[in-house]
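Reader: Can you walk me through how the labels on this model were earned? I'd like the reasoning, not just the verdicts.

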Amino acid sequence: MKNIFPTLILLLFIIGNSFSQQMLVKGNVIDTLNNDNPIENVVVMVLSLSDSVLLGFDRTDFNGEFSISGIPVDTVEIIMSHHNFDDKVIFFMGSNANNELNLINTILPDKSEMINEVTIYANKEPIYFRGDTLVYVADSFKTKQNAVVEDLLKKLPGIDVDKNGTITSQGLAVNKILVDGDEFFGDDPTVATKNLGAKTVESVNIYEEENKDESETAEETIQVMDLRLKEGSKKGYFGKISGASDFQNFYEGEFLANRFKNDFKLSVFALGTNTPRSNFGFADTKKFGLSNESNFGGRWWENNNSTTQSGIPRTFRSGFYFSDKLSKKVKLGANYTYSNNEMNSVSDLSSQYFLPDTTYYTSDLGDAYQKSEKHSLNLKLNIKLDSLTELEIKPKYTNSSGLSTQNDSTRFINEEGYLSSYTRNFNLNSGESQTISNELLLIRKFKKEKRELSVTIKNSYSESKDTTDLYFLDNYENAAALNDTLDQKQFGNQINQNHSGLISFKEPLSKRWTAVIDYYSRYNSNQQQKETNDFNASTNEYTLLNNNLTNDFTTNRFTNRLGLFFNLKFFKHRLKVGAYQRNVSIDNIDINDSTVKQNIFNFLPQFNYNYKFSNSQRLRLSYKTNSAQPSINQLQPVQDNTNPNRITIGNSELIPTYSHNFSIRYNKWKALTGSYVYTGANYNITQNAFSSSVEYDDFGKTISQTVNIDQNSSANVYLGAGIPLYESILSLNPNLNSNYTNTTNFVNNNENITNTLNVSGELEFEIETDSLELYLGGSYSYYSPSSTLAISSNQPYYAQEYFIEFGIDLPFKLRIETEASYEIQSYPQSLDRNINLLIWDFEISKRFLKTENLIFSVSGNDILNQNIIAQRIINDNVIIDNRTTIISRYFLARLTYKFNNTKTKEKDVSFH
């Protein structure tokens, strides 16, 4: 009797397995070129699409027939292979109701035939892979009435949108967002995710594509999200009008409107505010197609994105975006932006300097004002010349102007704590600049698959002029004879022009190997003119030319680069190996001195290897080299005395750097559950690295110059994960990051080596339901600096932050949102600079109308009135503690109206 129960259990197990659901794949293969004769010995393999595990295989018999049974229910890839034909690939989305596939009279492609597509058999699963593309079937995920695409994305396992608007998939950033494979209100149009209805989306596709960045260090691929819409969904309008005020000091106002129909898109916007929110947030920038709102670089007044967290701002911005298909072959895009920004800031900066034989301190109090104005116009023309050739033209124009004042007072304190010197520095700077550029891209494909020719031509010209009034008082406590005054007017003019061309040709060598050869040529000329006039007391004008601070310096560079790379694509392996050979001819021309000529050859090898364990598990290895050129400010051999306490001078004999970068990255995810893990490491060595040589006088004033050193190095290790619990209602997100840097500089001709270790970790809990969001977590960062000349400063310090964010929808169309963070910064050397901040923001809102698109809210920013900017910086032999006054506590009453053509509820992105 005692043996009956084990026997019965075994019998039930066998019976249960015999009736468990399995799949059957069968069929036959024929040769249509030979009277439909059957093909014998065709290898038929069935692989699991999620992990590439072989589930079964067979060979066709004399009649060309095959049959593979006992396959577990799964999404599978079926590969048919024969030595006389190209492979045939079929995807079958199996399910309990769809468990048999009969492939009758299957035809294998001829070896010379170009394959444009694979066969996919209907699926009934919510998530599956189509080749390397992860596909979410939108209708498989339940969303509430009037939901937008943003609501849908929150329902998709493994997709996340953080509080800055960055979208990630399985822990990796999404670099580009498309709608039906095309741009939609800008280059990165997450506008669709915030406004289009969830029911308009057929599927959400995630895949990787080749990175078009032409720089030597660019990543090989980027991650793309493509929202595939149902027929007739891309038409309508949407927008919002919002105004907020405390009826005393602060205000915010914005207007955004968008109209789109098929390929026609038009967006207009305006924003005016004097709160820290002096720009459209990341989400709104993407939402309303304002992604071309980028800084063109150069002068401070050219920066559209005011550093609103470092002072008290005032901003007005407006513009439009337009895009339309003028014909079947021509598409035009245009956008214009006007911005006017002001900023007042007050800073308190304390520094400690370590020298081989002494140490001293400085205390800086600064009062600054900036005002900038900018016009920017961008055009984009796409022309499809024929079925295989496309042309893209992108002209741009910007015009910027600005005014700034800086009033600083500095106290120099010696090692014993006594005042040795006191200075006052006043700067008044005004300037203007303009830039015009054009980019032309021609892509030619061929009938032979994977063969491609691309030509890129870029041209740009920019000119900037500025005038600076400098007034500087230098007083010495015990050496009055050294007291000095500077009263100068400085004029600057900079002209920069760039002309470059890139020709790239891709040729398939075999089914597995592809070769890419490219040639890149660039001419860059950068001229910087400086003139300084001292004040002439006899004429009461600035007529005394200061030859020591006057120069006309030009750097001309001519670059030629030839590259050859080979790409291998074989089952789970992806390999790219090759190198660039680059020559840079440099002329540094100093009108007051001789010309420095350099002719530099670089061999820049690269290696990239990807191993694809499965569609959801990958390992990547890479080695890259690069060479960087010095900037004109690093080369200009004339002193910059904008701050006479910290004079800088260029070095016209600088040579380019040469860097080696090694990286490894591993990631794994499960699309159905949303769980993921990623880890990786980077190591960088820079030879002939740019560094500084600083000379200190007896009171602590400095003259610094950029020099080349043997090498700097850095390393980074990181780890992160997403762990969903309780059917993904709760998510646990830990991450760990560690950085190490090794740098060298010179202090009074003494070598100073600085090693810095930083280890940080964060743990976050997320709870999300249809009406509630809760984010709770904390982070800890540990810093350990070590300097050979600043031994007494080699003490670690740490920073901690704990945060909670909470949002809930209540009855009567009410919503409450609040967030709080508690920050701790501890510095052993300066206890008076230790920081403990508790920042608390709160908002309550009420929705009106049937569509709930009229919203009234009351919000409080920094309710406890504790917000400041506090930061510690350790740079070589200097410790800097900086505090800046910013807007802290204020309250706003806000009224917002959102509108769209569907008369449905518009939804904002949540605060996380």
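Author: Sure, and let's start with a term. A polar contact is a pair of N or O atoms within 3.5 Å, where one must be able to donate a hydrogen and the other to accept it. Keep in mind that this is a predicted model.

Reader: What makes the pairing of Asn274 with Tyr251 a polar contact?

Author: The backbone nitrogen of Tyr251 lies 2.9 Å from a polar atom of the Asn274 side chain. The cut-off is 3.5 Å, so the pair qualifies. The Asn274 side chain also reaches the backbone oxygen of Asn249, at 2.8 Å.

Reader: Where is Asn274 found, and why is Asn274 called buried?

Author: Asn274 is in the loop between strand 20 (264–273) and helix 4 (282–287). Its relative accessibility is 13%, and buried means under 20%, so the label holds. Leaving out residues up to four places away in sequence, Asn274 touches Asn249, Phe250, Tyr251, Pro313, Arg314 and Ile887.

Reader: On to charges. How do you know that Glu208 and Arg620 form a salt bridge?

Author: Their side chains meet at 2.3 Å, N to O. The limit is 4 Å between a side-chain nitrogen of Lys or Arg and a carboxyl oxygen of Asp or Glu, so this pair counts. Glu208 sits in strand 16 (residues 201–210) and Arg620 in strand 33 (residues 617–626), so the bridge ties together parts that are 412 residues apart in sequence.

Reader: Why do Glu208 and Arg620 get their accessibility labels?

Author: Glu208 has 31% relative accessibility, so it counts as partly exposed. Arg620 has 12%, so it is buried. The dividing value here is 20%.

Reader: What makes Lys384 and Glu390 a salt bridge?

Author: Their closest N and O atoms are 3.4 Å apart, which is within the 4 Å limit, so the name applies. Lys384 is partly exposed at 33%, and Glu390 is partly exposed at 41%.

Reader: How do you know that Arg815 and Glu773 are joined by a salt bridge, and are the two residues buried or exposed?

Author: The side chains of Arg815 and Glu773 meet at 2.5 Å, N to O, so they pass the 4 Å test. Arg815 is in strand 42 (residues 814–826) and Glu773 in strand 40 (residues 772–787), so the pair links parts that are 42 residues apart in sequence. Both are buried: Arg815 has a relative accessible area of 11% and Glu773 has 7%. They also belong to a network of salt bridges with Asp809, Glu817, Arg847 and Glu852. The structure holds 23 salt bridges.

Reader: Now rings. Why is the aromatic pair of Tyr353 and Tyr360 called stacked?

Author: The count comes to 23 aromatic pairs. In the pair of Tyr353 and Tyr360, the centres are 4.9 Å apart and the planes are at 5°. Pairing needs centres within 6.5 Å and stacking needs planes under 30 degrees apart, so both conditions are met. Tyr353 and Tyr360 are buried. Elsewhere, Tyr237, Tyr897 and Phe899 form one aromatic cluster.

Reader: What makes Arg561 lie over the face of Tyr580?

Author: Arg561 is 4.2 Å from the ring centre of Tyr580, and the distance limit is 6 Å, so that part of the test is passed. The rule also asks for a position within 35 degrees of the ring normal. Arg444 likewise lies over the face of Phe446, at 5.5 Å from the ring centre.

Reader: Last stop, the turn region. What makes phi of Asn748 and Asn749 worth a remark?

Author: Most residues other than glycine have a negative phi. Phi of Asn748 is near 50°, a positive value, and phi of Asn749 is near 70°, positive too. Asn748 is in the loop between strand 38 (730–747) and strand 39 (750–768), and Asn749 is found in that loop as well.

Reader: And why is Asn749 called exposed, and Asn748 partly exposed?

Author: Asn749 has a relative accessible area of 61%, and exposed means over 50%, so the label fits. Asn748, at 23%, falls between 20% and 50%, so it counts as partly exposed.

How values were computed: Residues numbered from 1 in each chain as written. Predicted model: local features only at pLDDT ≥ 70, side-chain atom pairs only at ≥ 80, totals over all residues. Heavy atoms only, no water. Phe/Tyr/Trp six-rings, centres within 6.5 Å; stacked < 30°, edge-to-face > 60°. Buried < 20%, exposed > 50% of the residue type's maximum accessible area, 1.4 Å probe, protein only. Helix = DSSP H or I, 4+ residues; strand = E, 2+ residues; numbered from the N terminus. Contact = heavy atoms within 4.5 Å.
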